[in-house]
Amino acid sequence: MDSKILAASSKHPKPVDHVFQYGTAGFRMKATLLDSVVFRVGLVAALRSRKLGGQTIGVMITASHNPPEDNGVKLVDPMGEMLENSWEAYSTELANAKDEDVVKVYRSLGEKLKINPDTASRVIYARDTRPSGPKLVQALLDALNATGTEYTDYKLLTTPQLHYLTRCTNTEGTPQSYGEVSEKGYYEKLGKAFKRAMKGKKTVGSLTVDCANGVGGPKLAELLKYIPAGSDGGVDIKIINDDVLKAEVLNHECGADYVKTKQRAPPTSKAGNNERCCSYDGDADRIIYYFNDPEHGFRLLDGDRIATLAASFIGDLAREAGLASELKIGVVQTAYANGASTKYVEKTLGLPVVCTPTGVKWLHHAATKFDVGVYFEANGHGTVVFSQQALKAFSTKEPESPAQASALETLRALTDLINQTVGDALSDMLLVETILAHKSWTPKEWDLTYTDLPNRLVRVEVADRNIFKTTNAERTLVEPQGTQDRIDQLVSKFKDGRSFARASGTEDAVRVYAEAATRSEADDLASKIAGLVK
Ligand code: 16G
Ligand code: ZN
């Protein structure tokens, strides 16, 4: 096997002097730099699968909301979760090995982790629509072949579909089976669950979906074959930005990141006043809702809003089902969550909120500590996870009234509708549509549940972002020394003031977030804190 790996590796030389790091979303950079990285990630996938006794590992080639010339690669653990933390370091180590040391590092990892080379290794993989994808897939294949790994190529998928299929593959034929192991199985599961959850309720008007010209476009078109029309207890969807043939339009002036950061609808959107709109990102694992309010202009309904909507709906259902006292329901957010949303969950919904560092893996992990854990980043990445105890309660509780029976049935449907492996724009969209239909809400009513505190996010170029060290879920700076005291002093001068600074995990910059009672105060606070960290 060693000589095969050596020969294959020589076809994928590492760019000299480049240092790679497996970050919050795997490896991500200009696609031209990625060939050796993807090859070596293939080696890591083989090791990880063998270490786990031949369970299937997922490999996704995508750069999400990044521009078309970028690409990236990340690994998915057997239950559809993000790669275990310690393995990020092994991936980084192998990605940075000199060409002549690849086999040595591969072997030493195998020895250190006590991996039996005779164990079978299995991988499934997919990619988004970027033109660099097929060539990177070839690098991955070379690694899988050199390590004798069995594989399935799912070609084009959204990131959450690959997470889903990874879990389905590993649970097939067991009582924990997560669904049929096919793309079609995914659509069927969602379509069936949506119909059950909707119970014939009607959505109001139509929903315009901006697919960021990414893989979400064709996949949504496919999903719609399994979704009834609005008049039939489903939803009427108008798809925009679904051009996956013109490479340069991916994420360009559209998509969740554009809408969230620019605070405006994509120019291509023709939606009228008060009409529901949503935007996916390039690999459809993020979703943001919004609408135009004739009185107040553009209104964003971001991840915080989806989390509060889901938590309130599920909380109500649990009460109606007579399960409120036995299930721990909670919400997980990051420091970027608007303070008003946190207050709404704690005070109005009466549910606990946990704050974690940025990055889905942290939120997901914290959410699994609840029986029903709702987690969302403000940027629209999130989902709901249910504990075994919650699933059991939903399926075994004897209803004592028709209302209880109905609540239990809706809860069961939700556990199938929600992609519990990772945030999923398609599944999250159907969840929001279901809830709005049940509540007979337009986006306006959803928007009125609480009022966001004015806030500002600034990106600050610094000489070295690594000197910024945080604690307290990134809300407190421990280094550079003294900076946090100065931040605290400034914040104390602002009504409802809150601010923090953290090094970005994906860009060479520090991000400053500030909130205050008024727009101008939030801007002022953000620019003062930015001045402090510069
Ligand atoms: C990554 C994370 C995303 C997070 C973002 C923060 C995953 C899959 N993705 O894209 O959740 O919001 O990083 O970026 O975990 P930043 O560190 O540059 O602010
Ligand atoms: Zn994404």
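Trainee: How do the residues of the shell around ligand 1 divide into nonpolar, polar and charged?

Mentor: In this predicted model, the shell holds 3 nonpolar, 8 polar and 3 charged residues. Glycine is counted among the polar residues in that division.

Trainee: Which residues around ligand 1 come nearest?

Mentor: There are 14 residues around ligand 1, and the nearest are Glu377, Ser504, Gly505, Thr506 and Arg511. To belong to that group, a residue needs a heavy atom within 4 Å of the ligand.

Trainee: What makes the pair between ligand 1 and the side chain of Ser504 a polar contact?

Mentor: An oxygen atom of the ligand lies 2.5 Å from an N or O atom in the Ser504 side chain. The cut-off for a pair of N or O atoms is 3.5 Å, so this pair counts as a polar contact. Asn379 passes by the same test: an N or O atom of its side chain is 2.8 Å from a ligand oxygen, so that pair counts too.

Trainee: And what does Thr24 offer to an oxygen atom of ligand 1?

Mentor: Thr24 offers a polar backbone atom, at 3.3 Å from the ligand oxygen. That value is also within 3.5 Å, so the pair is a polar contact. As for cover, ligand 1 taken alone exposes 460 Å², and the protein buries 91% of that.

Trainee: Why is Ser499 counted as buried?

Mentor: Its relative accessibility is 8%. Buried means under 20%, so Ser499 qualifies. This residue lies in strand 18, residues 498-503, and its side chain reaches the backbone oxygen of Tyr513 at 2.8 Å.

Trainee: Why is Thr62 called buried?

Mentor: Thr62 has a relative accessible area of 4%, which is under the 20% limit, and therefore it is buried. Its place is in the loop between strand 2 (56-61) and strand 3 (70-76). The C-alpha atom of Thr62 is separated by 28 Å from that of Leu113, 51 residues apart along the chain.

Trainee: What makes strand 12 and strand 14 edge strands?

Mentor: They belong to an open sheet of 4 strands, in the order 12-11-13-14, with mixed pairing. Strand 12 (353-356) and strand 14 (382-386) each have a single partner strand, so one side of each is left without a neighbour in the sheet. From one strand to the next, the twist averages 20 degrees.

Trainee: How do you know that strand 11 and strand 12 pair?

Mentor: Strand 11 (residues 329-334) is joined to strand 12 by 4 bridges, and the two run parallel. Pairing requires at least two bridges, so the condition is met. Val332 stands opposite Val354 in strand 12.

Trainee: In which order do the 5 strands of the open sheet with strand 7 stand?

Mentor: The order is 7-6-8-9-10, and the pairing is mixed. Strand 7 (236-240) and strand 10 (297-301) are the edge strands, each pairing on one side only. Neighbouring strands are turned by 25 degrees against each other on average, direction ignored.

Trainee: In what sense does strand 6 pair with strand 7, and strand 9 with strand 10?

Mentor: Strand 6 (residues 206-210) and strand 7 pair in the parallel sense over 5 bridges, and Leu207 has Ile237 as its bridge partner. Strand 9 (residues 287-293) and strand 10 pair in the antiparallel sense over 5 bridges; there, the partner of Tyr289 is Leu301. With at least two bridges required, both pairs therefore count. Strand 9 and strand 10 also form a hairpin, with 3 residues between them.

Definitions and conventions:
Residues numbered from 1 in each chain as written. Chains lettered and ligands numbered in written order. Predicted model: local features only at pLDDT ≥ 70, side-chain atom pairs only at ≥ 80, totals over all residues. Heavy atoms only, no water. Polar contact = N/O pair within 3.5 Å; in protein donor to acceptor, adjacent residues only side chain to side chain. Areas by Shrake-Rupley, 256 points an atom, 1.4 Å probe, with all protein chains shown as cover. Axes fitted to C-alpha atoms, helices over the stretch in contact; angles between N-to-C directions. Buried < 20%, exposed > 50% of the residue type's maximum accessible area, 1.4 Å probe, protein only.
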